[in-house]
Amino acid sequence: MDENGATTDKPLYFFLERYMQSFTDEMTEFIDCVINDKQTRTTVYDGLEALRLGLAAKLSVKENRPVKLSEIEG
């Protein structure tokens, strides 16, 4: 922060560069769960909700309006 305001470095350009550590952590945890017969912290329902959010966002852009999750079958 300086007299020109708050500044930061530019984010890494490519998606995978920005989130590589997150992907690595996710895969490491998944492998640990498989090897040690442990429950994962996320479930299929978490994945379905993420999908519903994406579908609602896509419909919102297409129709130029807010879309409620209740409009997206789950």
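In what follows, helices (H or I, at least four residues) and strands (E, at least two) are DSSP runs, numbered from the N terminus. The model treated in these exercises is a predicted one.

**Exercise 1. Describe the overall build of the protein: how many helices and strands are there, and what does the radius of gyration say about its spread?**

Step 1. Begin with the secondary structure, which for this protein comes to two helices and zero strands.

Step 2. Set the radius of gyration against the globule rule: the protein has a value of 19 Å, whereas the rule gives 11 Å for 74 residues, and the protein is therefore more spread out than a compact globule.

Step 3. Add the dimensions of the C-alpha trace, which spans about 55 × 35 × 20 Å along the principal axes of the protein.

**Exercise 2. Characterise the surface and the charges: what share of the residues is buried, and how far apart are the mean positions of the charges?**

Step 1. A residue counts as buried when its relative accessible area is under 20%, and residues of this kind make up 7% of the 74 in the protein.

Step 2. The accessible surface comes to about 7100 Å², and carbon and sulfur atoms account for 59% of that surface.

Step 3. The protein carries 9 positive and 14 negative charges, and the mean positions of these two sets lie 9 Å apart.

**Exercise 3. Examine helix α1: how does its reach agree with the expected value, and where is its kink centred?**

Step 1. Helix α1 covers residues 15-35, which is 21 residues, and from its first C-alpha to its last it reaches 29 Å, close to the 30 Å expected at 1.5 Å a residue.

Step 2. The helix nevertheless has a kink of about 45°, and this kink is centred on Gln-21.

Step 3. Asp-32 also has its place in helix α1, and with a relative accessible area of 27% this residue is partly exposed, since partly exposed covers the range between the 20% and 50% limits.

Step 4. Between the C-alpha atoms of Asp-32 and Tyr-45, which are 13 residues apart along the chain, the separation is 21 Å.

**Exercise 4. Which residues that are not glycine take a positive phi, and are they buried or exposed?**

Step 1. Asp-37 is one such residue, with a positive phi of about 50°; Asp-37 follows just after α1 and belongs to the loop between α1 and α2.

Step 2. Asn-64 is another, with a positive phi of about 55°, and this residue is found in the segment after α2.

Step 3. The cut-off for exposed is over 50% relative accessible area, so Asp-37, at 73%, counts as exposed, and Asn-64, at 71%, counts as exposed as well.

**Exercise 5. Follow the chain through helix α2 and the segment after it: how far are Ala-57 and Ser-70 from the C-alpha atoms of Val-67 and Glu-49, respectively?**

Step 1. Helix α2 runs over residues 44-63 and includes Ala-57, a residue that is partly exposed at a relative accessible area of 42%.

Step 2. Ala-57 and Val-67 stand ten residues apart along the chain, and their C-alpha atoms are separated by 7.3 Å.

Step 3. Ser-70 lies in the segment after α2 and counts as exposed, its relative accessibility being 67%.

Step 4. The C-alpha atom of Ser-70 is separated by 11 Å from that of Glu-49, although the two residues are 21 residues apart along the chain.

Key: Residues numbered from 1 in each chain as written. Predicted model: local features only at pLDDT ≥ 70, side-chain atom pairs only at ≥ 80, totals over all residues. Heavy atoms only, no water. Rg over C-alpha atoms; globule rule 2.2 N^0.38 Å. Buried < 20%, exposed > 50% of the residue type's maximum accessible area, 1.4 Å probe, protein only. Areas by Shrake-Rupley, 256 points an atom, 1.4 Å probe, with all protein chains shown as cover. Lys, Arg positive; Asp, Glu negative; His and termini not counted. Charge placed at Lys NZ, Arg CZ, Asp CG, Glu CD. Expected span 1.5 Å × (residues − 1). Bend = angle between axes of the 7 residues up to and from the residue.
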